[in-house]
Amino acid sequence: MSFYNDIIQSTESKRKLLAILIDPEKIQLDNISSLCEKIKKSPATHIFFGGSTYDGNNFNEIIKRIKQNLDLPIFLFPGDYNQISEEADALLFLSLVSGRNPEYLIDQQIKAVEKLEQSSLEIIPTAYLLIESGIETAVERVSQTKPLNRNDLKTIQNTVKASEYLGMKLVYLEAGSGAKIAVSKEIIESVKEKINIPLIVGGGIKSSKEIENAFLAGADMVVIGTAFEENPNFFEI
């Protein structure tokens, strides 16, 4: 089974997808079982796993335990080339196309090649765009790149279209972890009308209503992380 084809089929059938982002830096092994029980009660369809920074040694073990407790596909969402694990199902092969730091446009990807050649992970080329969100996010700090101006719709549109021309299979609009301002309805709509590949939106989404608004604007998949971390009962209110 191709996990990417499943996303395509869901997009074509208008089935909206929801990913919960789990940051290995913010999870304890002993808490995984209870977290997974909360996720089971949510409408989540996917797990994204990774963070801007992580130097712990439990990376593989955390994923393994999540898989023991959940029957959802786990996509790696790596902050760097070391965040690769055979325990996952697929990998978002991210290129930070909103920035101009070669380390995150192509260098990290080159460093990952030897590991990926030896893995069975499904690799999904993904255009990753950081959108201005009111604060300096971890992505901005680590990547040493500036987000795209949220009011410059033309540059955002041209960036996603160029990414599609380059062969990217997904577009991910990211406001950043803990963002004050989520990616706006106007940005989502303008990007959706420009591309023919699935659109993921994440960062700064704090309520079920904001998830629904992102879907209505055109997101095919919405990602929540911080809001669910801070309130595992997020979907019960």
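Strands β5 and β6 run parallel and are joined by five bridges. The model is predicted, and its chain holds nine helices and eight strands. Buried residues account for 53% of the 237 residues in the chain.

**Strands β4, β5 and β6**

- Along the pairing of β5 with β6, leucine 129 stands opposite leucine 173 in β6.
- β5 also pairs with strand β4 (residues 90-96), in the parallel sense and over seven bridges.
- Leucine 92 has isoleucine 124 in β5 as its bridge partner.
- Between β4 and β5 the chain passes through helix α4 (residues 102-117), and this β-α-β crossover is right-handed.
- Strand β5 itself (residues 122-130) is mostly covered, with seven of its nine residues buried.

**Annotated site and largest pocket**

- For "binding site", an unreviewed UniProt entry lists Tyr172, Leu173, Glu174, Ala175, Gly176, Ser177, Gly178, Gly203, Gly204, Gly225 and Thr226.
- From this set, the lining of the largest pocket takes in Tyr172, Glu174, Gly176, Ser177, Gly178, Gly203, Gly204, Gly225 and Thr226.
- Glycine 176, one of the listed residues, sits in the loop between β6 and α7.
- Glycine 176 counts as buried because its relative accessibility is 0%, where buried means under 20%.
- Apart from neighbours within four places in sequence, glycine 176 is in contact with Leu130, Thr137, Gly202, Gly203 and Gly204.
- Threonine 226, also in the UniProt list, belongs to helix α9 (residues 226-230).
- When residues up to four places away in sequence are not counted, threonine 226 touches Ser177 and Gly178.

**Lysine 180**

- Lysine 180 is located in the loop between β6 (170-174) and α7 (185-192).
- With a relative accessibility of 59%, lysine 180 counts as exposed, the cut-off for exposed being over 50%.
- Its contacts, leaving aside neighbours within four places in sequence, are Ser133, Gly134, Ile135 and Lys206.
- Lysine 180 and lysine 206 are separated by 26 residues in sequence and by 9.5 Å in space, C-alpha to C-alpha.

**Positive phi outside glycine**

- Most residues other than glycine have a negative phi.
- Lysine 14 has a positive phi, near 65°.
- This lysine 14 lies in the loop between α1 (3-12) and β1 (17-22), and its 66% relative accessibility makes it count as exposed.
- Glutamine 144 likewise has a positive phi, near 55°.
- The loop between α5 (138-143) and α6 (153-165) holds glutamine 144, which counts as exposed at 63% relative accessibility.

**Overall dimensions and contacts**

- The radius of gyration of the chain is 16 Å, which agrees with the value near 18 Å for a compact globule with 237 residues.
- Taken along the principal axes, the C-alpha atoms fill a box of roughly 45 × 45 × 35 Å.
- Of the contacts between residues at least 6 apart in sequence, 71% join residues at least 24 apart.

Key: Residues numbered from 1 in each chain as written. Predicted model: local features only at pLDDT ≥ 70, side-chain atom pairs only at ≥ 80, totals over all residues. Heavy atoms only, no water. Helix = DSSP H or I, 4+ residues; strand = E, 2+ residues; numbered from the N terminus. Buried < 20%, exposed > 50% of the residue type's maximum accessible area, 1.4 Å probe, protein only. Contact = heavy atoms within 4.5 Å. Pairing = 2+ DSSP bridges. Right-handed = clockwise from strand over helix to strand, strands pointing away. UniProt positions renumbered as here; feature names shortened; annotations may be inferred. 1 Å grid on protein atoms, 1.4 Å probe; cavity = no way out; pocket = protein on both sides within 12 Å on 5 of 7 lines; lining within 4 Å. Rg over C-alpha atoms; globule rule 2.2 N^0.38 Å.
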